[in-house]
Amino acid sequence: MTLTRRHFLKSTAALYLAPTLAQASSNVLEAKAAAVQLIDAEFGDYPETQVWAFDGTVPGPLLRFRQGETLQQTLRNSLPEPTSIHWHGLRLPNAMDGVPGFTQQAVQTGETFDYAFPLKDAGTYWYHSHNHSTVQVARGLYGVIVVEEQTPPDVDHDIVVVLDDWRLDETAQITEDFGAMHDWTHAGRMGNYVHAHLTPSPASVAENARVRLRFVNVATDRIMTIAVKGAVGKAVARDGMPLRTPEDLDTLVFAPAERADVIVDITSSEAQPLQIVFVERDTGYLLHDIPLSGRRSDLRPPIQPLPANPMRYLTDLSGAREIPLVMSGGAMGRMESAIWQGQEMSTRDLVQQGKVWAFNGVVGMPTAPLAELRQGELIRIPIVNETAFAHAMHLHGTHFQEVLPDGGFGPHKDTLLVQPRETREIAFVAETPGKWLFHCHMLSHQAAGMKTWFHVI
């Protein structure tokens, strides 16, 4: 694999390490317009970028808690339009899920909303706007939540790595082509400026040091493939949930909204720095490197699994209710018509409305749920992707497990990447009463029709 750097606006994935995340200093998150220096001086003399941000930073403040504590945050909206906060991946009461017009009213300009709920699970999660999200997330309204274990693993560094891409013009401003039909019918809004934020960002690491990296893909639509060089280790968590058996570390593929925790030991005998690399085709593009300085004399014991969260692990699907989900639409798709707002419409008419993707022949949020689920009921969902594009399916409110071809079960996750013309199956126990979204987290695809919901009663 060739390793190189790209530069801003020279191709579809320029790379850059942005400043470190701010740490939360209060329990108020203010959504507001701000200006941040996205483009580093090494790429030229670019002005600050106008963004929307929590507390004026992109990403927003890092929220760090201990498992079992209560998250209490007040959203203050100083934007020119309504907003909300969705706490992605956290198991919480339905009223705290942050979906405007669904679990709460949108927070109007000048108003506030109080979020409060216990943190059941340790892990890496994130928060983001769930109103007009193709615009608001693309403008920078997101941040990371770290919930530490009661007994965290012994590491020398614990680093959050936020992956994102921006679509910027020649003056480093966010382009206003939100909702471009080509984006919505294809792979989504791809940026021209891929970068990684590290918090904290150490000046160096020692040889034999043990490092925990918490990767979060906050991109609107881009799938990220990441390699870690100069170290060996294990993936220890997916989407916040510990893996019962840590996985050997290879390249990591992140759909939008997916996370992974890895623990690595710096073992380079040639003083190679710890490198985080974005992989596209056969080329690796350096996002960031941390040089080596010094050497630990003692070696760490083998990497162990993280402490388990209080989640039920599936053992069989006896008595499970099957609820199929078929994806259709998009460019090169097979959707000739679909139902929107209770009426069957041709694809041509749907395109005029900006609705081009469907679940089970229904475009957009249906009035009736995909299914009503009894609390405690076991559900299995075969997902058939009949489209020419990948989709990142995200379930609000709980984690699911993939049903593997051999009949076993994958790890707990809240987001699953389903490739074109692929069939995957997930299963979960309906846990918390309320109305829970199930949608594609390619936010362009969600806006153009790929969303539905369950009602747990």
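**Exercise 1. Surface and charge**

Find the accessible surface of the protein chain in this predicted model, and the share of it that belongs to carbon and sulfur atoms.

*Solution.* Start with the total: the accessible surface of the chain is about 17600 Å². Next, take the share by atom type: carbon and sulfur atoms account for 48% of that area. Then turn to the charges. The chain carries 37 positive and 52 negative side chains, and the centres of these two sets are 2 Å apart.

**Exercise 2. Overall build**

How many helices and strands does the protein chain have, and how does its radius of gyration stand against the globule rule?

*Solution.* Begin by counting elements: there are 4 helices and 36 strands. Now compare two values. The radius of gyration is 21 Å, and the globule rule gives 23 Å for 457 residues; the two are close, so the chain is as compact as a globular protein of that length. For the outline, the C-alpha atoms fill a box of roughly 65 × 55 × 45 Å along the principal axes. Finally, look at cover and contacts. Of the 457 residues, 60% are buried. Among contacts between residues at least 6 apart in sequence, 78% join residues at least 24 apart.

**Exercise 3. Two strand pairs**

In which sense do strands β3 and β4 pair, and which residue of β4 stands opposite A34?

*Solution.* Locate β3 at residues 28-36 and β4 at residues 49-54. They pair in the antiparallel sense over 6 bridges, and A34 faces V51 in β4. As for cover, 5 of the 6 residues of β4 are buried.

Now try the second pair: how many bridges join β30 to β33?

*Solution.* Strand β30 (residues 391-395) runs antiparallel to β33, with 4 bridges joining them. One of the partnerships links H391 to V418 in β33. To judge the cover of β33 (residues 415-418), take each face in turn: T415 and L417 lie on one side, L416 and V418 on the other, and all of them are buried.

**Exercise 4. The setting of F454**

Is F454 buried or exposed?

*Solution.* First place the residue: F454 belongs to strand β36 (residues 451-456). Then apply the cut-off: buried means under 20% relative accessible area. F454 has 1%, so it is buried. Next, list its neighbours beyond four places in sequence: F454 touches residues including I323, L370, I381, L395, F428, W436 and F438. As a last step, check a pair across the sequence: F454 and A368 are 86 residues apart along the chain, with their C-alpha atoms 8.9 Å apart in space.

Methods. Residues are numbered from 1 along each chain as its sequence is written. This is a predicted model: local features need pLDDT of at least 70, side-chain atom pairs count only at pLDDT 80 or more; totals for chains, interfaces and linings use all residues. Side-chain values use heavy atoms; hydrogens and water are left out. The radius of gyration is taken over C-alpha atoms; the globule rule is 2.2 Å times the number of residues to the power 0.38. Buried means under 20% relative accessible area, exposed over 50%, partly exposed in between (1.4 Å probe, protein chains only). Contact means heavy atoms within 4.5 Å. Accessible areas come from the Shrake-Rupley method with a 1.4 Å probe; for residues, only the protein chains shown count as cover. Lys and Arg count as positive and Asp and Glu as negative; His and the chain ends are not counted. The place of a charge is taken as NZ of Lys, CZ of Arg, CG of Asp or CD of Glu. Two strands pair if DSSP finds at least two bridges between them.
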